[in-house]
Amino acid sequence: MSEMTAQRPKLGGIRRVEKRDPAPSRASYRMQRLMLTPLFRATLRVGLPAFLIVATAGVYFGSAERREAAVMWVSEQRHAVETRPEFMVGLMSIEGASDEVATDIREIIPVDFPVSQFDLDLPGMRTSILELDAVADVSLRIHAGTLLMDIEERLPSVVWRGMNGVELLDLNGNRVAGVPARASRPDLPLIAGVGAEREVPEALSILAEAHPLRDDILGLVRIGERRWDLVLTGDKRIMLPEDNPVAALSRVIVLDQTRELLSRDIARIDMRLNQRPTLRMNDAAREEMRRIKAIELGADQ
Amino acid sequence: MKDLYRSQRAMRNMRQAAIERGVVAVLDVGSTKIACLVLRFDGPDHTAANDGLGGMAGQSAFRVIGAATTRSRGVRFGEIDAMQETERAIRTAVQTAQKMANVRVDHVIATLSGARPRSYGLDGSVELNDSIVREQDVAQVLAACDVPDFGENREVLHAHPVNFALDNRSGLGDPRGQMGTQLSADMHVLTVEANVVQNLLYCIKRCDLEVAGIANAAYASGVSSLVEDEQELGAACIDLGGGSTGLSIFMKKHMIYADTVRLGGDHVTSDISKGLQVPLTMAEKIKARHGGVVATGIDDRDMIEVGGDTGDWERDRRTVSRAEVIGIMRPRVEEILEEVRGRLDAAGFDHLPSQQIVLTGGGSQIPGLDGLATKILGQRVRLGRPMRVQGLPQAATGPAFASSVGLCLYAAHPQDEWWDFEIPAERYPARSLKRAVKWFRENW
């Protein structure tokens, strides 16, 4: 049965469907204009996500339990990474140090091996090792699970008798160690006097010059913090000038070698004035001198 | 009148601000369509520097980056008839253009095609204080023009100084700096109905837009459709629009007369609708596709399906010959052109040295119109299309967009109007700071 209603003819030809041309509502018009505002768009693109992230984080970490849990989780992760076997240090090796120094170092660096290398404070350790007087320099590194220390020790050059006892000093006057008595190190020369420890290089050069007299030398004494006295056995002293003491000493040595100055009975050789070296004789020698002079002058007794 | 003076001044400042911001829209509110073009100003002319063309009157300074048209709703005779509808139509056009341009538009320059414009030629003269013409003297001579009574409820839309004369020398374009004793000026003033302007401004304001200028549609069409020589030597631009037909007469690059005939393409459409007993939309299509004003023999055999939607077979399958359509259209088009002829005669168009007539607007696309217009308006008739501007879509280059394009040119390079000159000093309020500064500057 066919439909009773007639179909309307399809409209062909010039007939077309009217193009829709809807007007935007005020709201959508304003919205579009708002979205075209550069500042607003920037706010939307940057400000809104930032706000959301901050707000989410703020809400989540608002409670103390979650905050603690998060901190815990972070520290656990950190610990897990730090204690991986690749990062563990199990040994310490000290090279270039004498046994006493090595013992000292082990004392001042109390590390319980094995330990993670993240827990080792190498700069701090280096500073504390350098505080040891006997250590000139140290380099620390970690290699293949071992803490390597390359120590450069100070070598004692002189024995210094100061206010606080007898100590060993190196070439530059740095303290190396304390010794109970001067006799502990008879191989090293002795220096004494106030300020002597600050002029160790000069003392050493004087002592080097005085090498021909080495058997007689007792030590060097700093006088008035400005010049040296070379003290010899038999209560003899060579008083050296402030300036150029080495040259003065070499003059004395030359005199000794030619005129046997030091084997004579004198108490002091005063070289403080360069133009006028002076001798002080002992009492017996002085009497003898006077007697000889009197004989020479023909004076009667 | 003082109010409008100030608001025009404010609009001019706003236009300047909009151009500095870089984006301004032009809005052509017509009776059949509403067109919106978004212009982007890229600073000073970049072509000027390298090819020696010069400023090109600001035409190379902007680029059309968005264009949209929409069917006009609620506008009749170029005047707003239903405000809500018009506002929605403006919103549609602006939104689409903004979407295309992808920028937000805050300032628009609008046209007004109806509102019964009336032209006045004013003149005034002043004695110069010192023998050199200064900016202030120009302002004074413009202020000295004796203003006739425009009538109730009318406002000045344009006030172009068209001519300056110094003593016995006339035809000066720019008298500033010249020597003389008496300066006189001719000014062309175009007044429109205040209510219509206010309605349009209100409509635009309702769309959250700021009005940066307002221009007569016939003037804008003339700016874009007349070539430079025609503007210089004297020509009339006839903008055959949908609801009204605007005409503007140009001479020495200034508009000297403008008027509107309240007849247009819509009347042709309604004639067809009545004559063929078809709906208006159908009539519009028949006019656009098969319309014409000169019938030939073949048109009798060119049958057009008129269609219909009533369900009555006999009625819905009617056909008419094209000759019949032409027979309906021609008298109405003749009437429009004769009305235009009357206005031109009243304006004294036949005294111009050159009497070029340029037909533009959507109505000028009727085939054979130039032949018909030649018979009515005189021999020197041509069909005009708006000049080309950068970035204008192909769809918007037709004569229907003459006033839109003209508005673009107006936005880029407006002619000096009365309110662009300094306010005459004696019109300042008594304790004006500016006046005090001026006095100091002159005396020390």
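**A strand sheet and its helices in chain B**

Val23(B) stands opposite Arg40(B) in E2(B). That residue pair belongs to a predicted model, in which local features need pLDDT of at least 70, side-chain atom pairs count only at pLDDT 80 or more, and totals for chains, interfaces and linings use all residues. Residues are numbered from 1 along each chain as its sequence is written, while chains are lettered from A and ligands numbered from 1 in the order in which they are written.

Start with the strands around that pair. Strand E1 (residues 23-29) of chain B runs antiparallel to strand E2 (residues 33-41) of chain B, and seven bridges join them. Strands (E, at least two residues) and helices (H or I, at least four) are DSSP runs, numbered from the N terminus. Two strands pair if DSSP finds at least two bridges between them.

Now widen the view to the sheet. Five strands of chain B form an open sheet with mixed pairing, in the order E3-E2-E1-E6-E11. Its edges are strand E3 (62-71) and strand E11 (210-216) of chain B, each of which pairs on one side only. From one strand to the next, the twist averages 20°. Axes here are lines fitted to C-alpha atoms, for helices over the stretch in contact, and angles run from 0 to 180 degrees between N-to-C directions.

Helix H5 (residues 194-206) of chain B packs on this sheet. H5(B) touches E1, strand E6 (107-112) and E11 of chain B, and its direction makes about 150° with that of E6(B). Contact means that the C-beta atoms of two residues, placed from the backbone, lie within 7 Å. H6(B) lies across E1, E6 and E11 of chain B as well, running at about 80° to E11(B).

How do the neighbours of E6(B) pair with it? E1(B) and E6(B) pair in the parallel sense over three bridges. Here Leu27(B) has Ala110(B) of E6(B) as its bridge partner. E6(B) and E11(B) also pair in the parallel sense, over six bridges. Val108(B) stands opposite Val211(B) in E11(B).

Is E6(B) enclosed or open? Six of its six residues are buried, so E6(B) is largely enclosed by the rest of the structure. A residue is buried if 20 or more other C-beta atoms, placed from the backbone, lie within 10 Å of its own, exposed if 12 or fewer, and partly exposed in between. His107(B), Ile109(B) and Thr111(B) point one way from E6(B). Val108(B), Ala110(B) and Leu112(B) point the other way, and all are buried.

Move to the edge strand E11 of chain B, where Ala212(B) lies. Ala212(B) has 24 other C-beta atoms within 10 Å, so it is buried. Beyond its neighbours within four places in sequence, Ala212(B) is in contact with His107(B), Val108(B) and Ile109(B), and with Val24(B). Its contacts also include Met11(B), Met14(B), Arg15(B) and Ala18(B). The C-alpha atoms of Ala212(B) and Asn13(B) are separated by 7.8 Å, although the two residues are 199 residues apart along the chain.

H6(B) has a helix partner too. The axes of helix H6 (residues 217-225) of chain B and helix H13 (residues 402-412) of chain B come within 7 Å and cross at roughly 80°. That makes H6(B) roughly perpendicular to H13(B); angles under 35 degrees count as roughly parallel, over 145 as roughly antiparallel, 65 to 115 as roughly perpendicular and the rest as oblique. Among the residues making the contact are Ala217(B), Ala220(B) and Val223(B) of H6(B), and Val405(B), Leu409(B) and Tyr410(B) of H13(B). The contact residues divide into eight nonpolar, six polar and no charged. Ala, Val, Leu, Ile, Met, Phe, Trp, Tyr, Cys and Pro count as nonpolar, Asp, Glu, Lys and Arg as charged, and the others, Gly among them, as polar. H13(B) is mostly covered, with eleven of its eleven residues buried.

A loop residue offers a contrast. Phe150(B) sits in the loop between helix H4 (135-143) and strand E8 (154-166) of chain B. Phe150(B) counts as partly exposed because it has 16 C-beta neighbours inside 10 Å.

Last comes confidence. Chain B averages a pLDDT (the predictor's confidence in each residue, from 0 to 100) of 86, and 93% of its residues score at least 70. Chain A averages 83, with 92% of the residues at 70 or above. For the complex, the predictor gives an ipTM of 0.74 and a pTM of 0.66.
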